[in-house]
Amino acid sequence: MKSLIKPLTTVFAATLATTAAASQGEEILKVKKSTFVNLVDLLVQRGVIDKQEGDGLVSAATEEAAAEEKRREASISKSPYDHGAQPAQAAEAPSPQTGKGGRTQHVSYVPEFIKKEIRDQVRAELKTEVVKDVKAEAKAEKWGIPAALPSWVGNIYPYFDMRIRLADEFFGSGNFGGFNNPLAYDWLQINEHGGISAAYTKNQAFLNNQKDRLRLRERFRLGFDAQITDSIKAGFRFATSNLYNPVSNDQTLGNTGRTYQFAIDRSFLEYDFIDGKGRDWFTLWGGRFANPFVSTDVVFDPDLSFEGVAGTFRLGFNREDPKVHSYHAPDSTARFGLNQGPQTPDSVFATLGVFPIQEVNLSTSDKWMFGGQIGADWLVFDESRLKLATSYYSYKNVRARQNELNSFEYDWTAPEFMQKGNSIVAIVPAQNTDPTARCYFGNEPGGCLFGLASGFKLFNATALFDYAGFAPTHVLLTADYAKNLGYDQDYIDRQFVSGVLNYESNKPRTHAYQVRLDVGRAQIKHFKDWNVSFAYRYVEADAVLDAFTDSIFHQGGTNAKGWVFGAQYGLATNTWLNLRWLSTDVIDGPTYSIDTVNLDLNARF
C-alpha cells in the first residue's frame, strides 16, 4: 500500500493548489482537506495502512500542496523579460464559473491516467492484503474444523512417507555356494531349524550368492507426533515390516495376494528442556525411537529403531550471534545412510543411552547395549559446518557360550537376529545326543546351534564437514572409523574346541572405515533438486555387530569392502528418485562378489 502514497499526495497537492488559486476563501480548501483526511482514516481503520503511514500521508500531501502554491505564485509574479522586476499586471487567470446564488464553483481536474493508476493499485493491493488477512484469520481460528472437536486434535501432527524400490542383485561368476563356501551359510535359518542338515532339508541352509535376482519392494510409514505440553511430546509410527528383521521395513512384492505385515515401528515419549530465553538444553527419550547418535550406516542401518531410554545434552556458545540464530539445519537424516544427530550449531553435546536387546527367560543375563557419545558442532564460517563425534557402544551378553555335553544351558546366547559376516562358533557341540537339545540330527559339522565368537565393545569416530560456499549446492565430506575392542582370541580358543567355523584362520578382524563425498542440495524437497554421493567402505568381519549394520551393502552384514555411488533427483514437491549402485567383495574367505542396484521412488508429506 505504500506505493499509493506518492500518487495520492500528488493528486491532493494539485487539488489544494488549484482550489487556492480559484478562491479567495478557505472554505473549499478545508472541505477538500477534510475529505482527504477521512479517506486516509478509512484506510487505517481497514488495516490497509498503519497509523504512522496515514499521518505521514497527510503531512506529505500538505507540504507538497504548500510548495506547489509557492511555485504557482512565483511563476505569476515573475516577469519573463526581467528576472528581477515585478510586472505591473498579473497574468490573466482563468475565469471561474458562476453558480447559483452568485457563488463561485471551482473544479479540480485529476487526469484520467492518475485516476486509473490509483484504481488499479488500490484494487491489486487491497486484494493482496485482504487475501493475506483472510488466510491468517482462517488458520488462526481453524475455519472448517468443527467447534465440537476437542482442542487436543490441533496438537497432533501426522507425517507420511512411502517408497517403491526396484532392487537388482548381480552375483560374481566366481562365487562358490553350498558346502563349498561356509560364508554362504544362513546361520539364522540353521539355528531356527536345529542344525545345518535340518535346514538343508528345508532348502534354508544357504544364502543365495549365485543366482541374480530382480525384486520389487515397498515401504510405507505413517506417524503422528502429539504435542502434549510445550516440553513434552509423544510419537508413534506404523510401518510395513518384517517382524523379525530390525533393519528393514521393506515388504517384498509377490506374496500370492496375501496382505502385508503392518507393525508399530516407533512409540515414545520425548521431553525437551527449553529455558526462559528459548535456549534448548537437553532432550530425553523413552520407548522405541529414532537413532539418537551421530553415525553412519557402517555401524547402524538407517531403518534401525532404538528401544530403551536416551538423552542428549547440549551446551551452546555464540548464542547471541545472528548467524547462529538464522541458520536453518536440514533434517538430520536427509542424506541417505547418514544420521547427523543433534542439529544445534555452535555447541558441544553428549548423548547417553541404555537399550535392552533381548530378555532371557529365568535368567539375569539379558542382552543390552550401552551407548555414549560426545561431540561438537561448529559453524566454521557462513553456513559451513564442522561436526565431530566420538562414541563408545558396549554390548552385554551377546557373545556365545558353549554348552556342556547334552546340556542346553547356554542356548539363549544364540542371537535372535543376525545377517552375515561375524565370526561364528558352535554353542551345542557336535557330539550332543540329548534329544531335548536343539540338535535334531547327530554329527553336525561343528555343532547344531551357533552364536557369535566375539564380544563387541565398539569405539567409533565420525567427522562431517559441510561446505556451503556454493549454496544452495553443498559439499559434504564424511569420514567414519570403527574399532571393536571386545574381540578376545584367547577366550575363543579356550571355550570353543572347533574354533571359528566360517573362516580358515583365527585372527582379529576388527577394523572398519568409510570415506564419503556428497555434492548437491542438503535435502531434496522440490522439482529439480539434486545431489550425488560417492563412498568407499571397508568393514572387517568383527568390526561391528552384523545384526545392526547396513542391510544393503553386500546384501547386509560385515566382512565386505566396496564402492557406493548414489544420486537423487526431485521430481516434484516432496517426491524424488534415489539411485544407488553398490559394488562389493568379501575381505576374508572364498570369493563372494555382489553388485546391487536400487532405484527408489519416494514420496512424503
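**Exercise 1. Identify the secondary-structure elements that line the second largest pocket of this predicted model, and describe that lining.**

Step 1. Start with the elements. E3, H5, E4, E6 and strand E23 (593–604) each contribute at least two residues to the lining of the second largest pocket.

Step 2. Rank the contributions. E3 provides the largest share of this lining, with four residues.

Step 3. Give the volume. The second largest pocket has about 1,600 Å³. Of its 42 lining residues, Asp186, Leu207, Arg215, Arg217 and Asn245 are the closest to its centre.

Step 4. Sort the lining by class. The second largest pocket is lined by 14 nonpolar, 20 polar and eight charged residues.

**Exercise 2. Find the cavities of 30 Å³ or more and describe the lining of the largest cavity.**

Step 1. Count them. There are four cavities of 30 Å³ or more. The search rests on a simple idea: rolling a probe the size of a water molecule over the atoms shows where empty space is left.

Step 2. Take the largest cavity. The space in it comes to about 150 Å³. Its lining consists of 16 residues, and those nearest the centre of the largest cavity are Phe336, Arg516, Ser533, Gly566 and Arg580.

Step 3. Assign the lining to strands. At least two lining residues of the largest cavity come from each of strand E19 (511–520), strand E20 (530–539), strand E21 (560–572) and strand E22 (575–586).

Step 4. Sort by class. The lining of the largest cavity holds four nonpolar, six polar and six charged residues.

Step 5. Follow one lining residue further. Arg516, one of the residues nearest the centre of the largest cavity, forms a salt bridge with Asp518, with the closest N and O atoms 2.8 Å apart. Arg516 and Asp518 are both buried.

**Exercise 3. Describe the second largest cavity by volume, lining and residue class.**

Step 1. The second largest cavity contains about 100 Å³ of space.

Step 2. Residues lining the second largest cavity include Pro182, Leu183, Tyr185 and Trp187. Also among them are Lys420, Gly421, Asn502, His554, Thr558, Asn559, Val586 and Tyr592.

Step 3. By class, this lining has six nonpolar, five polar and one charged residues.

**Exercise 4. Work out which parts of the chain are joined by the salt bridges Asp250–Arg163 and Arg314–Asp280, and whether each partner is buried or partly exposed.**

Step 1. Set the total. The whole structure has 21 salt bridges.

Step 2. Take the first pair. Asp250 and Arg163 form a salt bridge through their side chains, at 2.6 Å from N to O. Asp250 is in the loop between strand E5 (232–240) and strand E6 (251–252), while Arg163 is in strand E3 (residues 156–171), so the salt bridge ties together parts 87 residues apart in sequence.

Step 3. Check burial against the cut-off of under 20% relative accessible area. Asp250 counts as buried because its relative accessibility is 9%. Arg163 is buried as well, at 3%.

Step 4. Take the second pair. The side chains of Arg314 and Asp280 form a salt bridge at 2.9 Å, N to O. This pair links distant parts of the chain, 34 residues apart: Arg314 belongs to strand E10 (residues 306–316) and Asp280 to strand E8 (residues 280–289).

Step 5. Apply the burial cut-off again. Arg314 has 7% relative accessibility, so Arg314 is buried. Asp280, at 28%, counts as partly exposed.

Step 6. Look for shared partners. Asp161, Arg219, Arg221 and Asp303 are joined into one network by salt bridges that share partners.

**Exercise 5. Classify the ring pair Phe179–Phe206 and locate further contacts of aromatic rings.**

Step 1. Count the pairs. The structure has 33 aromatic pairs.

Step 2. Classify the pair. The ring centres of Phe179 and Phe206 lie 5.1 Å apart and the planes meet at 85 degrees, so this pair is edge-to-face. The cut-off for that class is over 60 degrees.

Step 3. Place the partners. Phe179 is in the loop between E3 and helix H5 (187–193), and Phe206 is in the loop between helix H6 (196–201) and strand E4 (213–227), so the pair ties together parts 27 residues apart in sequence. Phe206 is partly exposed, at 23% relative accessible area.

Step 4. Look for a cluster. Phe160, Phe220, Phe224, Phe236, Phe238, Phe262 and Phe605 are linked into a cluster by ring pairs.

Step 5. Add the charges over rings. Arg399 has its charged end over the ring of Tyr491, 3.8 Å from the ring centre. Arg509 has its charged end over the ring of Tyr503, 4.4 Å from the ring centre.

Definitions and conventions. Residues numbered from 1 in each chain as written. Predicted model: local features only at pLDDT ≥ 70, side-chain atom pairs only at ≥ 80, totals over all residues. Heavy atoms only, no water. Salt bridge = Lys/Arg side-chain N within 4 Å of Asp/Glu carboxyl O. Buried < 20%, exposed > 50% of the residue type's maximum accessible area, 1.4 Å probe, protein only. 1 Å grid on protein atoms, 1.4 Å probe; cavity = no way out; pocket = protein on both sides within 12 Å on 5 of 7 lines; lining within 4 Å. Points joined across faces, edges and corners; volume = space filled by probe spheres on them. Nonpolar A, V, L, I, M, F, W, Y, C, P; charged D, E, K, R; others polar. Phe/Tyr/Trp six-rings, centres within 6.5 Å; stacked < 30°, edge-to-face > 60°. Lys NZ or Arg CZ within 6 Å of the ring centre and 35° of its normal.
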